Amino acid sequence: MAAAAAAAAAEQQSSNGPVKKSMREKAVERRNVNKEHNSNFKAGYIPIDEDRLHKTGLRGRKGSLAICVIILLFILAVINLIITLVIWAVIRIGPNGCDSMEFHESGLLRFKQVSDMGVIHPLYKSTVGGRRNENLVITGNNQPIVFQQGTTKLSVEKNKTSITSDIGMQFFDPRTQNILFSTDYETHEFHLPSGVKSLNVQKASTERITSNATSDLNIKVDGRAIVRGNEGVFIMGKTIEFHMGGNMELKAENSIILNGTVMVSTSRLPSSSSGDQFGTGDWVRYKLCMCADGTLFKVQVTGQNMGCQISDNPCGNTH
């Protein structure tokens with residue numbers, strides 16, 4: 001209808017020239033054009049299958065992987081933030097630098113405040129020390145303080161200080177370089193440091209053990225003491241005393257020689273009553289005999305007033 005009216009208006013304009021329209025006609029024509037335009041939703045529409053279109057963006061597994069990467073980066077950022085806060089709180093970094101330690105060009109690391117550490121691993125040939133004219137205080141909270149380098153270990157505990165090493169050790173004065181104590185027995189003779197009165201060891205291998213000329217050499221054990229020599233054991237002294245709570249056993253491949261006055265205290269030796277029979281009961285009794293050259297041998301006691309005359313006497317005729 002609108003097309004017919006437009007055609008009629010065009011014919012009238014072409015035959016009689018331009019035709020002037022009234023305001024009402026113009027408003028009606030404008031309204032019709034707007035109505036047709038607003039109701040024509042298919043203008044310029046082309047039907048397309050969406051499945052054949054090229055899809056953009058992250059979809060499916062790629063989208064899930066991207067989400068996982070984003071979450072992982074977020075977790076790493078949180079961990080990095082926590083580590084930064086801990087370092088800032090421990091090292092105490094402020095506007096004026098680090099408040100707890102100093103770094104020097106020579107490689108020196110200086111702690112300016114009390115530091116709480118677990119394990120310290122110094123570099124090769126490193127030195128741990130204190131400031132000049134100040135003590136270096138190292139404290140373990142109910143735990144021993146252990147200094148270890150390879151197989152050498154120094155342990156400082158509440159009641160004792162122990163040093164263990166498989167390659168030996170030596171102590172020297174850093175100023176004078178004088179050796180105070182060394183286990184290099186081939187070069188230095190072993191001496192106890194000044195002020196040390198006793199040495200507690202479980203096993204010692206040495207050529208000889210001596211004491212000062214003005215002091216006694218005392219060897220004390222809580223259990224059993226074994227003195228063994230590959231080429232013999234020689235015990236020499238002005239007076240030699242053995243005090244023991246159990247048995248004393250002397251063994252030798254060739255002979256045992258006692259040179260000097262030998263005294264045996266019988267106060268703790270077992271004795272039999274007058275009515276016991278020799279050779280019976282729980283005890284087997286022996287008599288200790290000595291030859292003129294100092295050789296000792298034992299004789300089993302089988303009767304009263306028994307001497308050292310036996311058939312296999314090692315002394316021969318003199319005893």
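How much space lies in the second largest pocket? The answer is about 2800 Å³, and the views below start there. This is a predicted model, where local features need pLDDT of at least 70, side-chain atom pairs count only at pLDDT 80 or more, and totals for chains, interfaces and linings use all residues. Residues are numbered from 1 along each chain as its sequence is written, and side-chain values use heavy atoms, with hydrogens and water left out.

**View 1. A look into the second largest pocket.**
The lining counts 50 residues, and the closest to the pocket's centre are Ile 120, Val 128, Leu 136, Ile 138 and Phe 147. Strands β4 (109-111), β5, β6 and β8 (170-172) each bring at least two residues to this lining. β5 gives the most, with five residues. Here a pocket is an open set of points on a 1 Å grid over the protein atoms alone, with protein on both sides within 12 Å along at least five of seven lines; lining residues have an atom within 4 Å of a point. The volume is the space filled by probe spheres set on the points, which are joined across faces, edges and corners.

**View 2. The open sheet β5-β6-β7.**
Three strands sit side by side in that order, with antiparallel pairing. At the edges are β5 (145-149) and β7 (161-164), each paired on one side only. On average, neighbouring strands are turned by 5° against each other, direction ignored; axes are lines fitted to C-alpha atoms, and angles run from 0 to 180 degrees between N-to-C directions. Five bridges link β5 with β6 (residues 152-156), and Gln 149 has Thr 152 of β6 as its bridge partner. Strands are DSSP runs of E with at least two residues, helices runs of H or I with at least four, both numbered from the N terminus. Two strands pair if DSSP finds at least two bridges between them.

**View 3. The hairpin of β10 and β11.**
β10 (286-290) and β11 (residues 296-300) run antiparallel, joined by five bridges. Met 290 has Leu 296 of β11 as its bridge partner. Five residues lie between the two strands, and Gly 294 in the turn shows a positive phi of about 95°.

**View 4. Two loop residues with positive phi, Asn 142 and Gln 177.**
Most residues other than glycine have a negative phi. Asn 142, in the loop between β4 and β5, has a positive phi near 60°. Asn 142 is also exposed, at a relative accessible area of 79%. (Exposed is over 50% relative accessible area, buried under 20%, and partly exposed in between, using a 1.4 Å probe and protein chains only.) Gln 177, in the loop between β8 and β9, is not a glycine either, yet its phi is positive at about 65°.

**View 5. The one salt bridge of the structure.**
The side chains of Glu 249 and Lys 251 meet at 3.2 Å, N to O. Both residues are exposed. A salt bridge here needs a side-chain nitrogen of Lys or Arg within 4 Å of a carboxyl oxygen of Asp or Glu.

**View 6. The span of residues 65-91.**
UniProt, in an unreviewed entry, places a "transmembrane region" here; such annotations may be inferred rather than shown by experiment. In the model the span is 100% helix and 0% strand, with its end C-alpha atoms 38 Å apart.

Methods
On a 1 Å grid over the protein atoms alone, a cavity is a set of points where a 1.4 Å probe fits but cannot get out, and a pocket is an open set with protein on both sides within 12 Å along at least five of seven lines; lining residues have an atom within 4 Å of a point.
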